[in-house]
2 protein chains.
Amino acid sequence: MAVTDEAIEKIKGMIVSGALRPGDRLPKESELAAELGLSRNSLREAVRALSLIRILDVRQGDGTYVTSLDPQLLLEALSFVVDFHRDDTVLEFLAVRRILEPAATAMASALIDDDQLDALSAQLDALGPAPSVEELVACDLKFHRDIVGASGNSVLCSLLDGLSGPTTRARVWRGLTQEDAVSRTLHEHRMILGALRDRDAEAARSWATVHVASVEQWLRSTL
Amino acid sequence: MAVTDEAIEKIKGMIVSGALRPGDRLPKESELAAELGLSRNSLREAVRALSLIRILDVRQGDGTYVTSLDPQLLLEALSFVVDFHRDDTVLEFLAVRRILEPAATAMASALIDDDQLDALSAQLDALGPAPSVEELVACDLKFHRDIVGASGNSVLCSLLDGLSGPTTRARVWRGLTQEDAVSRTLHEHRMILGALRDRDAEAARSWATVHVASVEQWLRSTL
DNA sequence: CCTCCCTGATACCTCCGATGTATCCGGCCA
DNA sequence: TGGCCGGATACATCGGAGGTATCAGGGAGG
């Protein structure tokens, strides 16, 4: 195995074993390189790779630190990976989202509090009578993100966040090509919100399923 | 932004835009470095980072290639990230798996063919009367992987594969500490298989839920 | 006495050039 | 024809030099 890969494994080992804790500072490049038995150049490759997936946080002039290792942070890297997928696999991502999103919405129905519900209502009302496509997509993303965030499972939340990336483009196209998609989407949002207010987990789950499935159906017929 | 990060973005852009296709070979280090306007050393950091998450495949003495970009390959990187999570977030991962696995099992009930069902049966029968913990865990992983693989959704399959990593340790502990876990697990496996043979999606979903939930419950009571 | 600016130390950033090593391919020999 | 061998190619690794961002501490000014 290459020395750089060894270094990646060793640093990973130090973190997993607990020798390095979240927020800890690593020895400076030259020291760590000497400690691991490789050149600074090769060590930098290892650090850069771990930095890309948010394991390490490098700050010039300061030092290199272990990140918080929060699920949210680590799964952020997922969206980077997801960006590389071509359109023909978008349907598979959407199918997974269709499984997760209804479950998350149902979970949220039991945990979301009144303040959050009011905020969601205000958010929907804030949309003008003729919103732009960009506004609509942003609102849609925030609406679902807030609900999933109330599910109480940060892994689930981050995962859905990452998976929603590739469907965003699809939503834009849909807004551009399908006229009644806007009003239908807003209606579905209000129905989901209503189900959450009623603490009706099954209704919330069903409306979320309908919501994702409509995008899926449209996309399937288009490709 | 640092030149290395710029290089990462540029290479990503070349792939996403289609200028570089899966399997394509990149220009050699020195040429690509000149093309992107940075040193070979800095370029190597970018390439190494993209190599860690399976976007690029570097072969010494040959060249650097774009991988197939299959969802399976890219989500392999997920398990690397998941390894960094501490035990206190295992429950959240397990909760996500509890959502996905039943859905995948239900999907498989409609698609799995007789040969695959026979293979699963043979696999369960192959376990001796007193299997070791390692054998049991390996068998358990393979059993679920094969079923999820029959769901027809490779993204779902890879995702579950990645998420199952951290629960593996839990399963080992369980096998070590809970006496009747072995026979109960095997019984649940047979019931899942029976539901698949009957093409009974709802029964398959329920047995899969029971299966994951039992691990979740045990883990919750232990931590 | 407190605040602001400057300066030095520290640590990462970027580059260059050289050497080692694995792979591929074409020519040579049996 | 088939296998062996050496050159060409491209990545792997190294050591050092100069640049830049950050932080902490000291001194001038209010």
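Trainee: Which residue of chain A forms a salt bridge with B:Arg44, and how far apart are the closest N and O atoms?

Mentor: A:Glu45 is the partner of B:Arg44, and their closest N and O atoms are 2.8 Å apart. This pair crosses between chains, running from helix H3 of chain A to helix H3 of chain B. As for the term, a salt bridge here is a side-chain nitrogen of Lys or Arg within 4 Å of a carboxyl oxygen of Asp or Glu. Helices (H or I, at least four residues) and strands (E, at least two) are DSSP runs numbered from the N terminus.

Trainee: What should I keep in mind about the model itself?

Mentor: It is a predicted model: local features need pLDDT of at least 70, side-chain atom pairs count only at pLDDT 80 or more, and totals for chains, interfaces and linings use all residues. Residues are numbered from 1 along each chain as its sequence is written, chains are lettered from A and ligands numbered from 1 in the order in which they are written, and side-chain values use heavy atoms, with hydrogens and water left out.

Trainee: How do I read the size of the interface between chain B and chain A?

Mentor: The size of an interface is often given as the accessible area lost when the parts come together. In this case, buried area is the accessible area (1.4 Å probe) that two parts lose on being put together, summed over both. Chain B and chain A bury about 4200 Å² between them, with 71% of it on carbon and sulfur atoms. On the chain B side, B:Glu45, B:Arg48 and B:Phe84 lose the most area to chain A, together 17% of what that side buries. You can also count contacts (heavy atoms within 4.5 Å): 44 residues of chain B touch 45 residues of chain A.

Trainee: How many salt bridges and polar contacts link chain B and chain A?

Mentor: A polar contact is a pair of N or O atoms within 3.5 Å; within protein, one must be able to donate a hydrogen and the other to accept it, and residues adjacent in sequence count only if both atoms are side-chain atoms. Between chain B and chain A there are 8 salt bridges, while the whole structure holds 34 over all chains. One of the bridges joins the side chains of A:Arg48 and B:Glu45 (3.1 Å, N to O). Polar contacts link 15 residue pairs across this interface, both residues being at pLDDT 80 or more. On the side of chain B that touches chain A, helix H1 (3–17), H3, helix H4 (71–82), helix H5 (90–111) and helix H8 (154–177) each supply at least two residues. H5(B) gives the most, with 8 residues.

Trainee: How are the two copies related?

Mentor: Two copies of a chain are related by a rotation about an axis and a shift along it. Copies are superposed by least squares on the C-alpha atoms of residues with pLDDT of at least 70 in both. A rotation of 180° with 0.0 Å of shift along its axis places chain B on chain A (RMSD 0.0 Å). The two copies are therefore related as by a two-fold rotation axis. In chain B, the C-alpha nearest that axis belongs to B:Ala49, at 1.9 Å. The same surface serves both copies, since 100% of the contact residues of chain B recur in chain A.

Trainee: Which residues come nearest to DNA strand D?

Mentor: A residue is near a strand if one of its heavy atoms lies within 4 Å of it. Of the 23 residues around DNA strand D, A:Val3, A:Ser39, A:Asn41, B:Glu29 and B:Arg44 come nearest. Sugar and phosphate make up 69% of the atoms of DNA strand D that come within 4 Å of the protein. Polar side-chain atoms reach base oxygens of this strand from A:Asn41, at 2.4 Å, and from A:Gln60, at 3.0 Å. A backbone N or O atom of B:Glu29 lies 2.9 Å from a phosphate oxygen of DNA strand D.

Trainee: What surrounds DNA strand C?

Mentor: There are 24 residues around DNA strand C, the closest being A:Glu29, A:Arg44, B:Val3, B:Ser39 and B:Asn41. A backbone N or O atom of B:Val3 lies 2.8 Å from a phosphate oxygen of DNA strand C, and a polar side-chain atom of B:Gln60 lies 3.1 Å from a base oxygen of DNA strand C.
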